[in-house]
Amino acid sequence: MSDLLPPVGASVEGEQADAELLLSPSELYHENSKLHPSNRRLGLWIDSINRSPEIRRFLSRPTTRFYGYPTVVLPRDLRPSPLPFETIVMERRSRHRFSGKPLALATLAQILLLGDGVSARVRAADGIEWALRTAPSGGGLYPVELYCVAWRVDGLAPGLYHYDPTAHTLAQVRPGEFRQVLAEATYLHRELEEAAACLVLSAVFGRSKFKYGERAYRFVLLEAGHIAQNVLLAATAVGCGGLPVGGFTDDRVNELLDVDGVREAALYLVVLGGEP
Ligand SMILES: Cc1cc2nc3c(=O)[nH]c(=O)nc-3n(C[C@H](O)[C@H](O)[C@H](O)COP(=O)(O)O)c2cc1C
């Protein structure tokens, strides 16, 4: 405990200050999700999951599927960037101005593929095939889903789409102009007016939590960060602007995705558009 705080019991104010500190939800959460060598239960549970072929088979297909929805097959060919990797990293910036011009479908496809697409398929010793992605994921459980709200993408009718990384397709969840919903949720009216699309990263928490318990929430947020950084660098590489957005009215975006905000919730947005 910091020297700046009065000793416990020194005064009513001191006790109150301690109580406030202990009751901070984020501190309580962090404390309760720490791993300790003395706690073997979580380790044994994870071992038992890793040894079960039935569970492993189930876990190796971790994507939400929109069966029967109109589907757009995305181009797979990657256009090599004219910029070297070092320049891409140094030039990534959060953009607040966009060109207002449409984004090519091939550009969006490349950003999705590099953002969280399947980069390798490996067969484990037990014969189960795993589709590994460009972004790492604790236990390969891939709890983060990618939605795309498109309003200015060539070849895509305006609407809400869901990205299936295994098939590299976009399923049209709902047609419509949802830019205004995002503008009201983020207050980024001008940015969205000029941009072309916005990716919404959501998390299906149970996919990781059933294995890692309370620790899973940390993993999920870390994974969303990995994916968002991939997206931002991929966008920079093809001359597309990106803006990561963590400040939004949760309920509004969850309603847009039609998720309950508890079992699945929106975590992070990435606005995409042409560089001005
Ligand atoms: C987790 C996170 C949340 C952010 N949320 C917002 C946001 O809600 N609105 C916004 O305009 N920028 C947002 N940003 C962008 C930051 O303002 C930006 O990254 C920062 O100013 C540094 O600039 P740079 O990204 O160009 O290096 C966010 C960035 C991060 C990493």
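## Valine 122 and its setting in the chain

Valine 122 sits in strand β2, which covers residues 118-123. The model described here is a predicted one, and the account begins with this single residue before turning to the chain and then to the ligand. Valine 122 counts as exposed because 10 C-beta neighbours lie inside 10 Å of it, and a residue is called exposed when that number is 12 or fewer. When the neighbours within four places in sequence are left aside, valine 122 is in contact with Trp130 and Leu132. For the pair formed by valine 122 and leucine 132, the C-alpha atoms are 7.5 Å apart in space, while the two residues are separated by 10 residues in sequence.

The chain as a whole holds 11 helices and nine strands, and its further features are set out below.

| Feature of the chain | Value |
|---|---|
| Span of the C-alpha trace along its principal axes | about 65 × 50 × 40 Å |
| Buried residues | 37% of the 276 residues |
| Residues 24 or more positions apart, as a share of the contacts with a separation of 6 or more | 72% of these contacts |

Which residues surround the ligand? The shell around the ligand is made up of Arg93 and Ser94, together with Pro244, Val245, Gly246 and Gly247. By character, the residues of this shell divide into two that are nonpolar, three that are polar and one that is charged.

Notes: Residues are numbered from 1 along each chain as its sequence is written. This is a predicted model: local features need pLDDT of at least 70, side-chain atom pairs count only at pLDDT 80 or more; totals for chains, interfaces and linings use all residues. A residue is near a molecule or strand if its C-beta atom, placed from the backbone, lies within 6 Å of it. Ala, Val, Leu, Ile, Met, Phe, Trp, Tyr, Cys and Pro count as nonpolar, Asp, Glu, Lys and Arg as charged, and the others, Gly among them, as polar. Helices (H or I, at least four residues) and strands (E, at least two) are DSSP runs, numbered from the N terminus. A residue is buried if 20 or more other C-beta atoms lie within 10 Å of its own, exposed if 12 or fewer, and partly exposed in between; C-beta atoms are placed from the backbone. Two residues are in contact if their C-beta atoms, placed from the backbone, lie within 7 Å.
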